[in-house]
Amino acid sequence: MSTIASPPGLQILGPILPGYERVLTHEALSFVAALARQFTARIEEALQARVERQKRFDTGELPDFLEETAHVREGDWKVAPLPHDLLDRRVEITGPIDRKMIINALNSGASVFMADCEDATSPTWDNEVQGQVNLSEAVRRTLTFDDAGTGKSYRLNEKTAVLFVRPRGLHLWEKHVKVDGKFIPGGLFDFGLFFFHNAKEQIARGTGPYFYLPKLESHREARIWNDVFVFAQKALEIPRGSIKATVLVETLPATFELNEILWELRDHSAGLNCGRWDYIFSFIKKMSASPTFVMPDRGQVTMDKGFLRAYSLLVIQTCHRRGVHAMGGMAAFIPIKGNEAANNEAMAKVRADKLREVTDGHDGTWVAHPGLVPIALSIFDEHMPAANQIGRLREDVGIGRHDLLRIHEGTRTEQGLRHNIRIGVQYIEAWLRGIGCVPLYDLMEDAATAEISRAQVWQWITHRAPLIDGSIVDVERFKAALADELGVIEGEVGPARFTKGRFPEAAELFERMSLSPTFAEFLTVPAYEQLLGNEKNL
């Protein structure tokens, strides 16, 4: 281990491994400390505002459009013009920030790669700091990876995707760093290190510092990020507006403030994205106290109907009215090897999803695997010959409060309950081992899909939801199913892998979250505490 000279008031609690000194420099950490001192209190206030708003939802209040910001929704304004390299974003790929994944994603043929410091990355100290080293090399096109196990070498192509970075959400903390005795918000740590080391280099290379902002719940939270951008650009003497950020619409409250969020970020906006998986989770969470909003099986909550269809159309209409991109959602399918029929069925679902998006008016879409890039590209190329379709205003769309709260019709099944348990336990187990993006049952699962699984189980138990056969999901049934599914998982992964893994810890956490008397805000918050404990025991 090495040591570094931290600036006054900043304390690093994690080890300094070889290579960390390249990003944990005195100057960079001074910048991160300045961000923390300027914005931590405001982030804490925003998180408390979330708590207070949830209390109102729990007592029967429903989300609605804000009266006090009607002038913003009704006004005739547009966001600032976009740089040339962000005009065409027809296919975007996302993934974690390890070396191999970054190279494969940048080389995938996608228009954009979103490097994910959040849902696709388990936030171990090494993952986050080494990830910053990897991103810095990617910006400078020096990133390489030699796989000792396979003998393969990975290098960047001459032409690569445009890089976006997603810092952690406002609710997550970096507990390996303190500033003036307080833990630093994880998003400020991620943004600060990346921006300090790479913004000027990116601009010099003809691109810019581009970001995705996750899990915002209000325009006031968007204002915090906008102020972070203004502060950072001024501190580094970079022109205001150089930063561009796409907001992931991943929460139910945010959908009622789309115009307001774009307004707050209007100098820095690169549009909105339909973060569908987190959105389903947020819908369950925000409406968790009401039996009216109990969901059917996860697989039946699809983008072509109910509140998801409404929110997707509203995102398109709002973004195009404001002159900016409306990005579609994630195709979580991955190619299925060795089963041609199953693979053909999965790819047909991907094509149908992407066709819906492009014909509705989305300007681009997301995939989770390089193998899906050609499929998505072909559909958008056929139906969107121009760089985007922002000029398609969709004035025919009329989405109101009722549409945004329309629950999906469908059934609840024993199979759906057990599938949620298997997904949740296996994802948490991988996360506790430091892996944040996991292929399970022919889908790429990340924290968002695991959140849906545990949230849905909690909802069914809490409201004693009947299954299609008329039986009730209660605590005893859940515990029996959990025990059964642990046996299924052991059979699938093998006794050796099961014994060496963290399955008992994962099952205990999944059970605790599913049976909590009140709905716990985020799975990743208690899971992070377990991660920290695991690191201390190494």
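## Figure legends: close-up views

**View 1. Surroundings of Cys-319 in helix 10.** Apart from residues up to four places away in sequence, Cys-319 contacts Leu-262, Leu-272, Val-324, His-325 and Ala-326, a contact being a pair of heavy atoms within 4.5 Å. The model is predicted: local features require pLDDT of at least 70 and side-chain atom pairs count only at pLDDT 80 or more, whereas totals for chains, interfaces and linings use all residues. Numbering runs from 1 along each chain as its sequence is written, and side-chain values use heavy atoms, with hydrogens and water left out. Cys-319 counts as buried because its relative accessible area is 0%; buried denotes under 20% relative accessible area, exposed over 50% and partly exposed the range in between, with a 1.4 Å probe and protein chains only. Between the C-alpha atoms of Cys-319 and Leu-393 the distance is 8.6 Å, although 74 residues separate the two along the chain.

**View 2. Gln-317, also placed in helix 10 (residues 306–321).** Helices are DSSP runs of H or I with at least four residues, strands are runs of E with at least two, and both are numbered from the N terminus. With a relative accessibility of 18%, Gln-317 is classed as buried. Beyond four places in sequence, the residues touched by Gln-317 are Leu-393, Arg-394, Glu-395 and Val-397.

**View 3. Leu-523 in the loop between helix 18 (503–514) and helix 19 (524–537).** A relative accessibility of 4% makes Leu-523 buried. Once neighbours within four places are set aside, Leu-523 contacts Ile-428, Ala-450, Glu-451, Arg-454, Leu-509 and Met-513. One of these partners, Leu-509, lies 14 residues away along the chain, with a C-alpha separation of 8.6 Å from Leu-523.

**View 4. Packing of helix 12 (residues 373–383).** Val-373, Ile-375, Ala-376, Leu-377, Ile-379 and Phe-380 are buried in helix 12. The buried residues of this helix pack against strand 2 (91–95), helix 11 (340–360) and strand 13 (364–367).

**View 5. The largest nonpolar core, with 144 residues.** Leu-24, Phe-191 and Phe-195 have the most contacts inside this core. Helix 1 (residues 26–58) contributes the most to it, with twelve residues. A nonpolar core is a set of buried Ala, Val, Leu, Ile, Met, Phe, Trp, Tyr and Cys residues joined through side-chain atoms within 4.5 Å. Outside its neighbours within four places in sequence, Leu-24 contacts Ile-4, Ile-12, Ile-16, Leu-29, Trp-125, Val-129, Phe-189 and Leu-193. A second, separate core has 36 residues, among them Phe-478, Ile-489, Ala-506 and Phe-510.

**View 6. Context of the close-ups within the whole protein.** The protein contains 19 helices and 15 strands, and its C-alpha trace spans about 65 × 60 × 50 Å along the principal axes. The radius of gyration is 22 Å, which agrees with the value near 24 Å for a compact globule of 538 residues; this radius is taken over C-alpha atoms, and the globule rule is 2.2 Å times the number of residues to the power 0.38. Of the 538 residues, 60% count as buried. Among contacts joining residues at least 6 apart in sequence, 78% link residues at least 24 apart. About 20,700 Å² is exposed, 54% of it supplied by carbon and sulfur atoms, with areas from the Shrake-Rupley method and a 1.4 Å probe, and for residues only the protein chains shown counting as cover.
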